[in-house]
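Trainee: I've got the model open and a few things I'd like to work through. Could we go over it together?

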Amino acid sequence: MTTDGRDEQLRSLLTDTLDPALARPAVLDDMLTSLRDAEAEGVAWAERILSGASDARALADDLLYARGLTPENVGPDLAPYVDAWSAPDPGLQEPLLLEHSAFATPETIAEQYDAIVIGSGAGGGMAAQTLARSGRRVLVVERGDLPRRSDLLTDHLRTPRSGSGLFPHSGPGPDAEVREVMLGDGPWQDVVAGDGLWSNNAMTIGGGTRMYGAQAWRFGPKDLAMASTYGVPEGSSLADWPITYDELEPYYTRVEQMLGVSGGPSTDPWEGSRSAPLPMGPLARSPLGDLLGDAAQRLGWGTQPVPLLINTRERAGRSACIRCAQCVGVDCPVGARAGSHNTTLPAALATGNATLLPSTQASRIHIGPGGRATAVDLVGEIDGRLWRRTVRADLVILAAGAIESARLLLDSTSDQHPAGLGNGTDQVGRHLQGHAYGGASSLFAEQVVDLRGPGVDISTTDHRHGNDGIIGGGILADEFVPTPASTQRELRQSGLVPADTPVGSPAMERAMLRLGKVVGPIQEVTSADSRVQVNRARRDRLGRSIVRLSGSLHAEDLRGRDRLSERAADWLREAGALDVRPTPSMRLPTPPSGGQHQAGTCRMGTDPATSVVGPDGRVWGHDNIVVADGSTHVTNGGANPVLTIYANALRISEEIVRAG
């Protein structure tokens with residue numbers, strides 16, 4: 001078939017998916033352009049449409065709203081919301097607090113530093129700030145770069161949350177290596193970074209904190225003592241943390257005050273004591289939040305605003321939230337959302353003691369006498385050519401995320417450490433966990449969407465624990481404002497609109513404004529068989545071993561997830577929803593649990609036989625290699641883990657400073 005003939009066939013098939021009022025030449029031209037862009041990245045949407053392998057309507061939802069709403073791609077019901085449901089006007093956007101001019105290049109870095117911090121997300125940024133302020137010379141190494149704010153705001157299909165399969169601007173990109181994944185007892189299969197099985201976390205300066213939703217939950221006392229509270233179920237490696245809530249609480253408070261957390265007051269029955277209230281009050285509720293608040297009272301449930309690392313007033317040189325409809329998965333246009341890119345990293349650089357090197361990977365840690373790290377091999381690519389440097393260091397901080405931190409330890413083999421560093425008892429990479437989510441979606445008779453971000457504004461924490469027959473539990477909250485494309489996908493996948501509903505039709509547009517969703521993460525019962533490994537027989541273009549991911553959720557996780565979905569559905573029904581669809585159940589075995597909340601692969605403990613690091617974050621047998629990210633988590637809480645990563649990194653890095 002000729003290119004022209006192929007385009008005409010695609011145009012015809014897309015026309016059939018659209019509401020007739022939208023099937024205009026300009027709209028179809030834009031959709032075809034998005035198809036070609038996807039093909040250029042290796043995502044074969046066009047072939048899937050032509051072959052009938054995918055529902056053309058499901059793909060057309062994404063294509064129609066690839067860059068949000070425009071006057072051309074909406075009908076009368078969404079026409080009033082074009083400005084609200086698109087990127088904020090460029091005139092409202094504020095400059096980033098970091099610029100490329102402040103970054104180092106391979107030619108400008110020194111031969112030796114007091115500390116090398118690998119990763120610039122929550123843990124890496126906090127460690128870099130603490131060490132730089134202590135007077136140490138610090139090199140921060142980040143695999144990603146600093147994508148433009150305009151790209152992160154306007155391209156709705158290339159975000160970590162889009163589900164489109166396209167490579168997000170926040171990384172990893174199409175040049176990322178494959179990973180091997182095993183599902184159940186099946187064979188290893190290659191997956192690319194655009195696939196959910198790759199277990200992507202943002203790879204950019206700021207890591208996941210540049211793109212996250214910024215829910216700032218504390219783990220509670222029972223969250224850190226799951227084994228003592230519930231016992232250890234068969235097939236699980238559930239364990240208590242080696243530190244208590246009371247030990248971590250001062251660091252929670254300091255992070256909340258330092259970075260700025262809004263919300264409160266709390267009715268959480270499972271929360272520990274607080275030494276200070278949150279520094280900022282919450283944003284106003286949405287119409288859905290009001291309905292859920294009244295429903296919770298009738299159900300006898302407590303509620304509170306969701307704690308957020310988002311300014312509700314100008315604070316620390318950053319603006320207040322402007323309530324735009326774009327939050328999780330995209331950059332904050334005014335920097336109201338706190339991340340390491342606009343808090344800890346600028347603070348570290350301001351000391352004059354920190355150097356930030358982007359677009360660089362650490363490929364190996366060298367070990368000298370006594371198991372001490374002596375240097376780190378760095379590798380990157382400039383204009384298609386590889387460069388390599390070996391940089392000496394007195395201290396190495398791993399904060400690259402649970403998968404990549406474990407990968408580096410496993411790949412740093414030697415005659416003395418044939419299985420990798422800290423892996424003498426085969427613990428590195430085990431206990432991989434993320435968060436399985438329960439929830440429910442629904443349609444209301446009236447409009448409940450006001451498109452005022454961030455969207456998540458009310459929660460109940462009653463179900464974090466105390467669920468008969470269930471190990472743990474989780475929080476429940478209304479959802480962030482999704483993109484228009486994600487909204488239509490949710491409506492179709494949940495069955496709230498018929499599968500044959502035309503894309504952009506009045507029925508679909510009205511449903512988009514009446515969609516209510518409640519979701520929450522479940523405590524996962526960890527397993528030693530859920531793990532990160534490396535395939536040393538296969539190397540990526542930088543010479544690094546390929547990551548292997550395997551393992552499954554535990555049966556108790558699925559029971560807890562279903563219970564949380566039942567509670568979410570109860571809440572929405574009590575709030576008046578006409579049609580409620582709980583999240584479908586899962587079956588064992590599931591894919592490995594990783595993704596944006598990945599944790600656990602360098603577990604903290606007091607026994608080297610069952611852990612990778614001690615309570616101080618130091619890798620057993622290597623006292624100047626420290627882990628300061630979610631890898632250390634013994635369990636991952638029934639809530640978002642980022643505040644715990646920040647707090648634990650602050651605790652660990654300050655202990656390093658005190659030790660001298």
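Trainee: How do the residues lining the second largest cavity divide into nonpolar, polar and charged?

Mentor: Keep in mind that this is a predicted model. The lining includes Ser527, Ser530, Ser552 and Ser593, along with Thr526 and Gln433, while Leu432, Val525 and Leu553 also belong to it. Glu524 and Asp557 are there too. Sorted by type, the lining comes out as three nonpolar, seven polar and two charged.

Trainee: And what volume does the largest cavity have?

Mentor: There are two cavities of 30 Å³ or more in the structure. The second largest comes to about 60 Å³. For the largest cavity the volume is about 90 Å³.

Trainee: Which residues lie nearest the centre of that largest cavity?

Mentor: Its lining counts nine nonpolar residues, two polar and two charged. That lining is made up of 13 residues. Nearest the centre are Cys321, Cys324, Gln326, Cys327 and Cys332.

Trainee: Gln433 lines the second largest cavity. Which residue in the loop between S19 and helix H15 touches Gln433?

Mentor: Look at the loop that leads from S19 to helix H15 (642-659). The residue to find there also touches Phe219, Met226, Leu238 and Ala239, among others. In that loop, the one you want is Thr635.

Trainee: Is Thr635 buried or exposed?

Mentor: Buried means under 20% relative accessible area. Thr635 has a value of 0%, so by that cut-off Thr635 is buried.

Trainee: Which side chain makes a polar contact of 3.0 Å with the side chain of Thr635?

Mentor: Don't mix this up with Asp223, where the side chain of Thr635 reaches a backbone oxygen at 2.9 Å. The 3.0 Å contact joins two side chains. The partner of Thr635 in that contact is Trp241.

Trainee: Why is strand S19 described as largely enclosed by the rest of the structure?

Mentor: S19 covers residues 622-627. It pairs in the parallel sense with S10 (residues 396-398) over three bridges, and it runs antiparallel to S18 (residues 618-619), with two bridges joining them. As for the enclosure, S19 is called largely enclosed because of its buried residues, which number five of the six.

Trainee: Which residue of S19 stands opposite Ile397?

Mentor: Check the S18 side as well: Arg618 has its bridge partner in S19, and that partner is Val626. Ile397 likewise faces Val626.

Trainee: Last one: which residue in the hairpin of S18 and S19 takes a positive phi?

Mentor: The hairpin has two residues between its strands. The phi in question is near 85°, and the residue that takes it is Gly621.

Notes. Residues numbered from 1 in each chain as written. Predicted model: local features only at pLDDT ≥ 70, side-chain atom pairs only at ≥ 80, totals over all residues. Heavy atoms only, no water. Buried < 20%, exposed > 50% of the residue type's maximum accessible area, 1.4 Å probe, protein only. Helix = DSSP H or I, 4+ residues; strand = E, 2+ residues; numbered from the N terminus. Pairing = 2+ DSSP bridges. Polar contact = N/O pair within 3.5 Å; in protein donor to acceptor, adjacent residues only side chain to side chain. Contact = heavy atoms within 4.5 Å. 1 Å grid on protein atoms, 1.4 Å probe; cavity = no way out; pocket = protein on both sides within 12 Å on 5 of 7 lines; lining within 4 Å. Points joined across faces, edges and corners; volume = space filled by probe spheres on them. Nonpolar A, V, L, I, M, F, W, Y, C, P; charged D, E, K, R; others polar. Lists of a residue's contacts leave out its neighbours within four places in sequence.
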